[in-house]
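Student: Got a minute to walk through a fold with me? I'd like to go sheet by sheet, then look at some helix packing.
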Amino acid sequence: MKKHKDNAKDIMLPHSHAKVEFYKEYLKRYIRILCLSQKVNKIRIYDLFCGIGIYKDGGKGSPIEAYEAICECLQEERFAKSGTQIFLTVNDIDSKKVESVKNHIDSLPSVANCKVNYYNEEFSNIVSIARNEISSFEPNTRNLFFIDPYGYKEITGGMLFDLLQNEKTEVILFLPVSFMYRFIKASLEDDTEQYEALRHFTDSLFNRDQKEDLHQVQSIDDYIALLKKVLTFGSEVYTTSYTIERDKANTFCLFFMTKHIFGLQKIVEVMWELDELNGKGFRLPEPENLMTSLFEVQDKEKAKTENFERLKSLIVDEISQHSCNNKTLYQFVLENGFLPKHANEVLKYLQNNDSKFYVNEAGTTTPARKNSFYLAWKEDVKVEFGYKTQKQ
């Protein structure tokens, strides 16, 4: 075990790479979209537990990937012309790690309109500094926090909620959910010191009723689903989760939180790009062998069919129970971890194969143009989905 821990300091293990890849792929989209927005002229990116930056095997940690993503964007003429200023804040309680990150970034080419700020602060102090910055009256500023803590004892629901309140901030939070799940029920019943950190996290995030739900969780997936639910803060925030397999016994999870539905779409796009089978998370690759290669195509087709059927069931249930238009269904699909293109396939199938299913022009009984579903961010209410009753 000790050897494994030592290796984690020297080389970038697969689960660490998957975590940073998730962050990097979203950041690339995030920066480009905001640089082209006329409503944004300043972007702040916060990496509050930056780590060493560069591993001994050359693996790039989160602050290095973030800086290179910023530079790659600002070196393109159309983004450089925007004049958008980007500030990258790098912090770690270990001053040697901050110094390592700074030395590497200083060795890289710099670009105009990008400034890196380095801190060696306790987590509570850097959060206070960041909160003061994002709370200032700057309507044309957007903020992204990457929080990859050493555990979870410093994370509270109140802190996360405060960061998100200005509606200009998004948060990516990494949690060791397997470790938390193993002891969650014990921490609810045992007030000894060994469970203090987990109990503090739970108390800060879960109300009384939600704690009762914790007693009912039967699997790590149940626990992740419940964490995802409470991290919506009563549906005030769009939240999704992406699991990362560390080894066969341990799973970590990234939680993404935003107040903007388009931010949710962009992160779900990242999830499906990184996990093309299910859009849910990273799994350690199986050992390469002939049988793996032979069944790869079959596995993809099976996953595609299963996901289609799962989304179809979700959409049919939703439309059957609630009045739905293109905007509400767009949100529903994203919140369930699917993309509009997935939903369009389901809706086309229903339109062609279910005689009771209808798509009408909004506010009328006139059938909409076939295959016109308008599941997109900026679309107005254009169509309504439903099922015909016997009277109809």
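Tutor: Sure. Keep in mind that this is a predicted model.

Student: Start with the sheet of 8 strands. What is the strand order, and is it open or closed?

Tutor: The order is 3-2-1-4-5-7-6-8, and the sheet is open. Its pairing is mixed.

Student: Which strands sit at the edges?

Tutor: Strand 3 (114–119) and strand 8 (281–282). Each of them pairs on one side only.

Student: Zoom in on strand 1. Which residues does it span, and how many are buried?

Tutor: Strand 1 covers residues 42–47, and 6 of its 6 residues are buried.

Student: Which residues point to which side?

Tutor: K42, R44 and Y46 are on one side. I43, I45 and D47 are on the other. Both faces are covered.

Student: How does strand 1 pair with strand 2, parallel or antiparallel?

Tutor: Parallel, over 6 bridges. Strand 2 is residues 85–91.

Student: Give me the register. What are the bridge partners of I43 and I45 there?

Tutor: I43 is partnered with I86. For I45, the partner in strand 2 is L88.

Student: And strand 4? How many bridges join strand 1 to that one?

Tutor: Again 6 bridges, with the two strands running parallel. Strand 4 is residues 141–147. Within strand 4, F146 stands opposite D47.

Student: What does helix 3 lie across?

Tutor: Helix 3 (residues 62–74) lies across strand 1, strand 2, strand 3 and strand 4. Relative to strand 2, helix 3 runs at about 170 degrees.

Student: Which strands does helix 12 touch?

Tutor: Helix 12 (residues 261–274) packs on the sheet against strand 5 (169–175), strand 6 (238–247) and strand 7 (250–258). The direction of helix 12 makes about 25 degrees with that of strand 6.

Student: Switch to helix on helix. At what angle do helix 6 and helix 7 cross?

Tutor: Roughly 20 degrees, with the axes coming within 10 Å. Helix 6 is residues 123–135 and helix 7 is residues 157–164. Angles under 35 degrees count as roughly parallel, so helix 6 is roughly parallel to helix 7.

Student: Left-handed or right-handed?

Tutor: Helix 6 passes helix 7 in a left-handed crossing.

Student: Which residues make the contact?

Tutor: From helix 6, F123, V127, R131 and I134. From helix 7, M159, D162 and L163. By type, that contact has 5 nonpolar residues, no polar ones and 2 charged.

Student: Now the sheet of 3 strands. What is its order, and is the pairing parallel or antiparallel?

Tutor: The order is 9-11-10, in an open sheet with antiparallel pairing.

Student: Why do strand 9 and strand 10 each have one side without a neighbour in the sheet?

Tutor: Because strand 9 (324–325) and strand 10 (357–361) are at the edges, each with a single partner strand.

Student: How many bridges join strand 10 and strand 11?

Tutor: 5 bridges, in the antiparallel sense, with strand 11 at residues 383–387. N360 stands opposite E384 of strand 11.

Student: Where does helix 15 pack?

Tutor: Helix 15 (residues 340–353) packs on this sheet, touching strand 10 and strand 11. The direction of helix 15 makes about 105 degrees with that of strand 10.

Student: Last one, H342. Buried or exposed?

Tutor: H342 lies in helix 15. H342 counts as buried because its relative accessibility is 16%, and the cut-off for buried is under 20%.

Student: What is H342 in contact with, leaving aside neighbours within four places in sequence?

Tutor: W272 and L311.

Notes. Residues are numbered from 1 along each chain as its sequence is written. This is a predicted model: local features need pLDDT of at least 70, side-chain atom pairs count only at pLDDT 80 or more; totals for chains, interfaces and linings use all residues. Side-chain values use heavy atoms; hydrogens and water are left out. Buried means under 20% relative accessible area, exposed over 50%, partly exposed in between (1.4 Å probe, protein chains only). Helices (H or I, at least four residues) and strands (E, at least two) are DSSP runs, numbered from the N terminus. Two strands pair if DSSP finds at least two bridges between them. Axes are lines fitted to C-alpha atoms, for helices over the stretch in contact, and angles run from 0 to 180 degrees between N-to-C directions. Angles under 35 degrees count as roughly parallel, over 145 as roughly antiparallel, 65 to 115 as roughly perpendicular and the rest as oblique. A crossing is left-handed if the near helix is turned anticlockwise from the far one by less than a right angle, and right-handed if clockwise. Contact means heavy atoms within 4.5 Å. Ala, Val, Leu, Ile, Met, Phe, Trp, Tyr, Cys and Pro count as nonpolar, Asp, Glu, Lys and Arg as charged, and the others, Gly among them, as polar.
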